[in-house]
Amino acid sequence: TAMWIERLNSLEGVTAVEMQGNISGRAKSLLQLGISQLPKDRNEEKPITTMILGIPNVGKSTIINTLAGRKIAKTGNIPAVTKQQQRIYIEQNFILLDTPGFLWPRLTPHSCGFKLAVSGAIKDAVTEFEDLAFWAVRYLADNYPNELMGRYNLESLPDTEMEILEAIAGNRGCLGRGGVVNLNKVCQVVVLDYRQAKMGRLSLETPAQVDYELAHAPPDETAKEKRKRIKLERR
């Protein structure tokens, strides 16, 4: 988080702060931060209108409710709870626009989709827990091995994703008849444990990782190249 705050604050016209939406004092400081950045010659009688926007399920409505001091925006621990834009009056001269979460139409590189889905920004209905858990245990084993082993009482980490999930299943009782691993159950356990921070508050990317991915990303296909690839795949 500290790395991202530093990176964002290095951008022109950006002031970044980290925040949990349900902490009242910190949320209230957002109002003063916003007011401090207004033009000095603005019309004092004109209401201040601010837009709250971001990817799904990151706490936009929770921040609004904290600022308003009452439950005025619908919240839920799933993406896409807010369906339409809402105008919310925080103070007499302060208006917040609560907006539905949004995502880019195309997620590149491929790992971006996994990071968003594992964190809960993409609906579970359009993903598979097995796919998410296989990606998650590989990432966690490579970047947070101690946290992963500590959560599931593992003395060491096996080499493959399947072996890691099998070890977790044995320790968490995610087994069916004859001791067969209940893969769907153990995969849900891993993904939900991550989302609920039961392994700790673990980030899935750093600025350096993003820089590396962008530098090594394959070039975008042109429309002509995409048609040619699809044609070949269909043969």
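## Two helices that cross

A helix axis here is a line fitted to C-alpha atoms over the stretch in contact, and angles run from 0 to 180 degrees between N-to-C directions. With that in hand, we can look at this predicted model. The axes of α4 (residues 111–119) and α8 come within 8 Å and cross at roughly 80°. Angles from 65 to 115 degrees count as roughly perpendicular, and α4 and α8 are therefore roughly perpendicular to each other. On the α4 side, the contact is made by A117, V118 and S119. Their partners on α8 are V191, Y194 and R195.

## The surroundings of α4

Is α4 mostly covered or mostly open? It is mostly covered, as seven of its nine residues are buried. Those residues are S111, C112, G113, K115, L116, A117 and V118. If you follow them in the structure, you will find that they pack against α5 (129–143), α8 and α9. A117 and V118 therefore appear twice in this picture: both are among the buried residues of α4, and both take part in the contact with α8.

Just after α4 comes G120, which has a positive phi, near 100°.

## The chain as a whole

Stepping back, the chain holds 10 helices and three strands. Read from the N terminus, the order of elements is α-α-β-α-β-β-α-α-α-α-α-α-α. The chain has 235 residues, and 30% of them count as buried.

How much area does the chain expose? The figure is about 15400 Å², and carbon and sulfur atoms supply 52% of it. As for contacts between residues at least 6 apart in sequence, 49% join residues at least 24 apart.

## Loops with a positive phi

Most residues other than glycine have a negative phi. Two residues in this model are worth a look with that in mind. One is N153, whose phi is positive at about 55° although the residue is not a glycine. You will find N153 in the loop between α6 (145–152) and α7 (161–172). With a relative accessibility of 64%, N153 counts as exposed, since the cut-off for exposed is over 50%.

The other is A197, also not a glycine, with a positive phi near 60°. A197 sits in the loop between α8 and α9. Its relative accessible area of 29% makes A197 partly exposed.

## G200 and its distant neighbor in sequence

The loop between α8 (183–195) and α9 (207–216) also holds G200. Where does G200 fall on the scale from buried to exposed? It is partly exposed, with a relative accessible area of 26%. G200 can also be paired with L148: the two are 52 residues apart in sequence, while their C-alpha atoms are 9.4 Å apart in space.

## A nonpolar patch on the surface

Finally, have a look at the surface around L8, L11 and V14. These residues make a nonpolar patch of about 210 Å². V14 belongs to the loop between α1 (2–9) and α2 (24–36). Its relative accessibility is 32%, so V14 counts as partly exposed.

Terms used: Residues are numbered from 1 along each chain as its sequence is written. This is a predicted model: local features need pLDDT of at least 70, side-chain atom pairs count only at pLDDT 80 or more; totals for chains, interfaces and linings use all residues. Side-chain values use heavy atoms; hydrogens and water are left out. Patches are made of residues with over 30% relative accessible area and no salt bridge: like charges are joined within 9 Å, nonpolar side chains (Val, Leu, Ile, Met, Phe, Trp, Tyr) within 5 Å. Accessible areas come from the Shrake-Rupley method with a 1.4 Å probe; for residues, only the protein chains shown count as cover. A salt bridge is a side-chain nitrogen of Lys or Arg within 4 Å of a carboxyl oxygen of Asp or Glu. Helices (H or I, at least four residues) and strands (E, at least two) are DSSP runs, numbered from the N terminus. Buried means under 20% relative accessible area, exposed over 50%, partly exposed in between (1.4 Å probe, protein chains only). Contact means heavy atoms within 4.5 Å. Angles under 35 degrees count as roughly parallel, over 145 as roughly antiparallel, 65 to 115 as roughly perpendicular and the rest as oblique.
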